[in-house]
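Good morning, colleagues. Please take a moment to look at the sequence and the structure on the screen before I begin.

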Amino acid sequence: MDLIPAESSGEGLMANQIKMTENAMVLAGVETIMVGSGTAGEDHVKVSGKVTVNQESDAVQSAYFDGRIENIYINFEGETVRKGQKLAAIYAPALVSAQQELLTAAKLKETQPQLYKAVRNKLKLWKLSESQINKIETSGKVLENFPVYATVSGTVSDKLVEQGETIRQGQPLLKIAQLNTVWANFDVYENQIDLFKKGQEVSIGTNAYPDKEFKGKVSFIDPVLDTRTRTVKLRVVLNNSNDAFKPGMFVEGRIKGVSSTKKEVLNVPSTAVLWTGERSVVYVKTNPIEPVFEMREV
């Protein structure tokens with residue numbers, strides 16, 4: 001039988017249209033959004049993005065020796081910690097032996113000062129303070145569980161160990177984010193890259209604070225293009241001393257003084273575009289009443 005191009009289906013649909021039931025749309029997680037045209041020749045360009053943790057101020061609390069977590073005093077991610085706060089208590093066999101060496105060397109410090117000094121330095125390498133070492137020496141008692149103190153203040157963004165877990169030297173225990181500044185990462189399309197440069201002022205808008213406008217400056221433009229989305233990341237550092245921005249929050253950036261074209265354009269969310277490699281398509285719901293979607297190249 002000869003094959004001919006299909007112009008319509010049995011349901012009266014065109015070849016580039018599909019129809020879904022309401023139940024199928026729910027199961028597939030289909031979402032629609034109203035889009036509209038605008039003039040890109042205006043004196044600003046809009047970009048969409050998301051708030052993330054400022055990785056430059058993100059700290060990792062690591063173990064300085066092998067051992068076992070006897071107690072952990074952080075209960076959940078999002079908990080606020082202060083510098084010097086006790087985070088955990090670790091049983092470390094090597095530290096127990098080093099303390100015994102210290103007590104022995106302390107008795108010989110007059111005759112063998114170099115040995116005494118070497119043992120103290122060994123404990124310092126495991127981040128024991130002078131006061132802790134002196135306390136062990138004066139008390140003459142060996143401590144079995146050693147406290148781990150926070151080296152920075154911030155918010156726990158990731159809890160990586162649990163009580164009773166065996167750990168190795170250098171193993172991360174917690175990630176602590178300092179949220180007094182955050183990053184706003186925006187997606188810039190390939191044909192817009194030449195419009196942006198470091199130092200440009202960006203006006204930031206959020207759904208959480210629709211009546212407020214925040215200011216920031218472009219601090220970084222990713223030199224590597226994401227081949228999947230055909231975009232690069234543009235970063236803005238935001239002051240967050242009042243905790244207005246939460247990591248994961250969606251934001252919109254508006255950069256004045258630049259325009260991509262004088263033609264009318266249609267702005268759609270980047271997640272609505274299907275990148276097939278040879279072409280890019282979107283599905284348009286042409287009739288707001290019927291669940292019929294029409295494929296169009298963009």
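**Helices and sheets of the predicted model**

I begin with a helix contact in what is a predicted model. Tyr116, Arg120, Leu123 and Lys124 of α3 meet Glu130, Ile133, Asn134 and Glu137 of α4. Sorted by class, the residues of this contact of α3 with α4 are 3 nonpolar, 1 polar and 4 charged.

Two packed helices are described by the angle between their axes and the distance between the axes. For helix α3, residues 113-125, and α4, the axes come within 10 Å and cross at roughly 125°. That angle makes α3 oblique to α4. The crossing of α3 and α4 is right-handed.

Helix α4 also has a contact with α2. How do the axes of α2 and α4 cross? Helix α2 covers residues 93-107 and helix α4 covers residues 130-139; their axes come within 9 Å and cross at roughly 65°. Here, too, α2 passes α4 in a right-handed crossing. On the α2 side, the contact is made by Gln99, Leu102, Leu103 and Ala106. On the α4 side, Ile133, Ile136 and Glu137 take part. This contact of α2 with α4 divides into 5 nonpolar, 1 polar and 1 charged residue. I would draw your attention to Ile133 and Glu137 of α4, which are named in the contact with α2 and again in the contact with α3.

I turn now to the sheets. Strands of a sheet pair through backbone hydrogen bonds, either parallel or antiparallel.

One sheet is open and has 4 strands, in the order β8-β7-β5-β10, with antiparallel pairing. Which strands stand at the edges? They are β8, residues 145-149, and β10, residues 166-167. Each of these has a single partner strand, so one side of each is left without a neighbour in the sheet. Within the same order, β7 and β5 are adjacent. Strand β5, residues 67-72, is joined to strand β7, residues 86-91, by 4 bridges, and the two run antiparallel. As an example of this register, isoleucine 72 has alanine 88 in β7 as its bridge partner.

Strand β8 brings me to the aromatic residues. A pair of aromatic rings is described by the distance of the centres and the angle of the planes. Across the whole structure, a search finds 3 aromatic pairs. One of them is formed by phenylalanine 65 and phenylalanine 146; this pair is edge-to-face, at 6.4 Å centre to centre with 65° between the planes. Where in the chain do phenylalanine 65 and phenylalanine 146 lie? Phenylalanine 65 is in the loop between β4 (59-62) and β5, whereas phenylalanine 146 is in strand β8. The two are 81 residues apart, and the pair links distant parts of the chain.

The other sheet I wish to describe is a barrel. In it, 6 strands close in the order β3-β12-β15-β14-β13-β16, and the pairing is antiparallel. Neighbouring strands of this sheet are turned by 40° against each other on average, direction ignored.

Let us go round the barrel, starting with β3. Strand β3, residues 44-53, is joined to strand β16, residues 250-256, by 7 bridges, and these strands run antiparallel. Valine 45 has isoleucine 255 in β16 as its bridge partner, and valine 47 stands opposite glycine 253 in β16. Strand β3 also pairs with strand β12, residues 181-189, in the antiparallel sense over 5 bridges. There, lysine 50 stands opposite asparagine 185 in β12.

Strand β16 has a further partner in β13, with which it pairs in the antiparallel sense over 4 bridges. Threonine 206 has valine 251 in β16 as its bridge partner. Strand β13, residues 201-206, pairs in turn with strand β14, residues 214-221, again antiparallel and over 4 bridges. In that pairing, isoleucine 204 is partnered by phenylalanine 214 of β14, and serine 203 by lysine 215 of β14. Finally, β14 and strand β15, residues 231-239, pair in the antiparallel sense over 3 bridges, with valine 218 opposite valine 236 in β15.

Thank you for your attention.

How values were computed. Residues numbered from 1 in each chain as written. Predicted model: local features only at pLDDT ≥ 70, side-chain atom pairs only at ≥ 80, totals over all residues. Heavy atoms only, no water. Axes fitted to C-alpha atoms, helices over the stretch in contact; angles between N-to-C directions. Left-handed = near helix turned anticlockwise from the far one by under 90°. Contact = heavy atoms within 4.5 Å. Nonpolar A, V, L, I, M, F, W, Y, C, P; charged D, E, K, R; others polar. Pairing = 2+ DSSP bridges. Parallel < 35°, antiparallel > 145°, perpendicular 65-115°, else oblique. Phe/Tyr/Trp six-rings, centres within 6.5 Å; stacked < 30°, edge-to-face > 60°.
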